[in-house]
Number of protein chains: 2
Amino acid sequence: MNKVTIDDIAKVAGVSKSTVSRVLQGRVAVHPDKKNAVLTATRRLGFKPNIVAQSLASGRSMTIGVLTQNMGSPFYDAIAQGVIAGLSPSSYSPIFADGRWQIPMELSALQSLVGRRVDGLVLIGGSISSQQIQECCNELPIVIVARRFSDSNYRCISMDNVHGGYEATRHLLDCGHRKIAIIRGLSHHADAIERHQGYTRALEEFGIVPDPRLMVESDFSPDSGLSAVRELIKRGEPFTAIFAANDLTAFGARLALDQHGLRVPDDVSIIGFDDQLESAYMTPPLTTYHQPAREMGHHAAKAILKLLQGDEFLSLQVPGHLVVRRSVRDLTTIVH
Amino acid sequence: MNKVTIDDIAKVAGVSKSTVSRVLQGRVAVHPDKKNAVLTATRRLGFKPNIVAQSLASGRSMTIGVLTQNMGSPFYDAIAQGVIAGLSPSSYSPIFADGRWQIPMELSALQSLVGRRVDGLVLIGGSISSQQIQECCNELPIVIVARRFSDSNYRCISMDNVHGGYEATRHLLDCGHRKIAIIRGLSHHADAIERHQGYTRALEEFGIVPDPRLMVESDFSPDSGLSAVRELIKRGEPFTAIFAANDLTAFGARLALDQHGLRVPDDVSIIGFDDQLESAYMTPPLTTYHQPAREMGHHAAKAILKLLQGDEFLSLQVPGHLVVRRSVRDLTTIVH
DNA sequence: TTGTAAGCGTTATCAC
DNA sequence: GTGATAACGCTTACAA
């Protein structure tokens, strides 16, 4: 381990340890000669500052707590990557804790981060209430990603899922589809609810009454997408297109269709949500609604950094957009 | 913030702060009455220990540094998730730094972790030498994942890539393929090199001389898989199967074949490497060689925990296995 | 500009 | 068992 302390270099450089500290921090002027002496000694002894001691003394840990949920979801993972990348040029390091979408775990994960005296917090998704957050971490700069609180003044980086759901469904409608099934995500999940609202709104604009027989739930996993399509087919209500909760669900749905001898997009069209990396390489490439996950994480990191240096930062809605590939058939240009 | 310190509860409980510390640590016996008084005061004042101060005083930060490379690769991400999961039941928290596969960045990321006085280190992939590691972190418990050092005594969690490459190629061979193209990964990447060796060995067992016209490089991305297949087709040397560097590359390759009107597996078979989540949902589902990425991360976490409590732990090779799905055609059962 | 000295909140080492 | 008291390595008034 590195046992060299500022006392050592103070001795070697022939100055006091406060001067060493000053040189290292570089915030106040120090006589060039002493400065050089310190720098030389630092290099010679291979001094590495003890960040823990710095933290205790200064009250800042130079650490940003990141609360994730069930890492393993491409969308949330991408956000986390964005946070890491956004923090990377700063001298703050991200420290992670995982809440697994379970309130008790989220709470304890949050407390562990706060106990580590993080200087700021990035919460990715999650289900704890804004009150619970407040109780844990008074005063701490916090940025929430991929979630929105209407009842609080937390800064949130989010995307308009209602609009996304609307756009996706609208695309299907514009392509002439009228019997549009929806595989929506978990019933209590805000994203799923909002996208579903968008779906409903788009249908209604076209004077279509949403058919409950064309609605089935999923848990955002490929496997649930597969089961969902089987369920849909079993119900017997015909449909020409599917709006999937996310791309992963769309993957599963696509496989199920294949297994039932249904071609995409010839027999059934599919549209996903997220636009994850692999989606462009499905056969056919998946039409989907792009969520800028990585950018959202990046924004969050920059936001925290801003708050930390005293600047203000307001909630931000990042725009998503439709990515048209080849999994949706345009029925309006049929050649008879 | 939480301004309650052990001094406060010492006062309230009517004991010395050493006693408070003892109760909180629970390692030595304390009189039940005082213990209760302390516990009560702790709850009443809402005391949360300052982990930073604990770290400085005890010399242990209860933190494990995790050095990742280019987060965003499904394989490496899965490892990181495994580490988080494996650490989660312990009281150690993972702190991340990203090396981006660039030696200078790796080095500085590593130093930042060491400066934070992490108690242990998990290095995922990376290209710095074992010497450079040693210089940074004498004595620190270290576990390396998805990489192997022959020249050092670091503990490594790895998979036998030569064997994996052999098995994958062997499967193609067993299915009657003889003209087997390989899209190998980055030329200097150990995994790519080893899998390539396995490929070569399998071919030679069948008396086949590897044809350089059937070998093309990639960078493990879908896009490079796509270009690789175009290149292969342009060269004009016929092939009936492709061994892709990893699943992502296989995705790109599969799309390129599709664009050229080549069917999988009817015209060309594909085998990937990794077995990432999405692979089971390709059309056709991708035959691939499974790497237990998440488990490897999990093992690494457990290994560090073991080393930390003084137990020994030796390098570990985890087994992979072939996952046969539908992207490889069996030429030996052709019906004429 | 520079040095002295008092913290920062715990843990650890002693005597008692 | 328990309580002083000295670390832990650094920052930061406060003087000089």
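**Helix packing, chain contact and DNA surfaces in a predicted model**

Helix α8 (residues 161-174) and helix α9 (residues 190-205) of chain A have axes that come within 7 Å and cross at roughly 40 degrees. The coordinates are those of a predicted model. Since angles under 35 degrees count as roughly parallel and those from 65 to 115 as roughly perpendicular, α8(A) is therefore oblique to α9(A). The crossing of these two helices is right-handed.

On the α8(A) side, the residues that meet α9(A) are Asn161(A), Val162(A), His163(A), Gly164(A), Gly165(A), Tyr166(A), Thr169(A), Arg170(A) and Leu173(A). Their partners in α9(A) include Asp191(A), Glu194(A), Arg195(A), His196(A), Tyr199(A), Arg201(A) and Leu203(A). Sorted by class, the contact of α8(A) with α9(A) has six nonpolar, eight polar and five charged residues.

The next topic is the contact of the two protein chains. Here 42 residues of chain B are in contact with 41 residues of chain A. On the chain B side, two or more residues come from each of α4 (51-58), α5 (74-87), β2 (93-98), α6 (103-115) and α11 (247-259). Strand β2(B) gives the largest share of that side, six residues. By class, the side of chain B that touches chain A is made up of 20 nonpolar, 13 polar and nine charged residues.

Both chains also supply residues to the surfaces near the DNA. Around DNA strand C there are 25 residues, of which Ser18(A), His31(A), Ser21(B), Ala53(B) and Ala57(B) come nearest. Helices α2 (17-25) and α4 (51-58) of chain A, together with α2 (17-25) and α4 of chain B, each supply at least two residues of the surface near strand C. That surface has 12 nonpolar, 11 polar and two charged residues.

DNA strand D is surrounded by 24 residues, and the closest are Thr5(A), Ser18(A), Ala57(A), Ser16(B) and His31(B). The elements that give two or more residues to the surface near strand D are α2 and α4 of chain A and α2 and α4 of chain B. By class, the surface near strand D has 11 nonpolar, 11 polar and two charged residues. Helix α4(B) thus appears in the list for strand D, in the list for strand C and in the list for the side of chain B that touches chain A.

Some backbone details remain. Most residues other than glycine have a negative phi, and most peptide bonds are trans. Phe220(A) is not a glycine, yet has a positive phi of about 75 degrees. Phe220(A) is found in the loop between β7 (215-217) and α10 (222-235) of chain A. A residue is buried if 20 or more other C-beta atoms lie within 10 Å of its own; Phe220(A) has 24 such neighbours and so counts as buried.

In chain B, Phe220(B) likewise has a positive phi, near 75 degrees, and lies in the loop between β7 (215-217) and α10 (222-235) of that chain. Phe220(B) is buried because 24 other C-beta atoms are within 10 Å.

Two cis peptide bonds can also be located. In chain A, the bond from Thr283(A) to Pro284(A) is cis, with omega near -10 degrees, and Pro284(A) is in the loop between β9 (269-274) and β10 (287-290). In chain B, the bond from Val264(B) to Pro265(B) is cis, with omega near 5 degrees. Pro265(B) is in the loop between α11 and β9 (269-274) of chain B; α11(B) is also one of the elements on the side that touches chain A.

Technical notes. Residues numbered from 1 in each chain as written. Chains lettered and ligands numbered in written order. Predicted model: local features only at pLDDT ≥ 70, side-chain atom pairs only at ≥ 80, totals over all residues. Contact = placed C-beta atoms within 7 Å. Helix = DSSP H or I, 4+ residues; strand = E, 2+ residues; numbered from the N terminus. Nonpolar A, V, L, I, M, F, W, Y, C, P; charged D, E, K, R; others polar. Near = placed C-beta within 6 Å. Buried ≥ 20, exposed ≤ 12 C-beta atoms within 10 Å, placed from the backbone. Axes fitted to C-alpha atoms, helices over the stretch in contact; angles between N-to-C directions. Parallel < 35°, antiparallel > 145°, perpendicular 65-115°, else oblique. Left-handed = near helix turned anticlockwise from the far one by under 90°.
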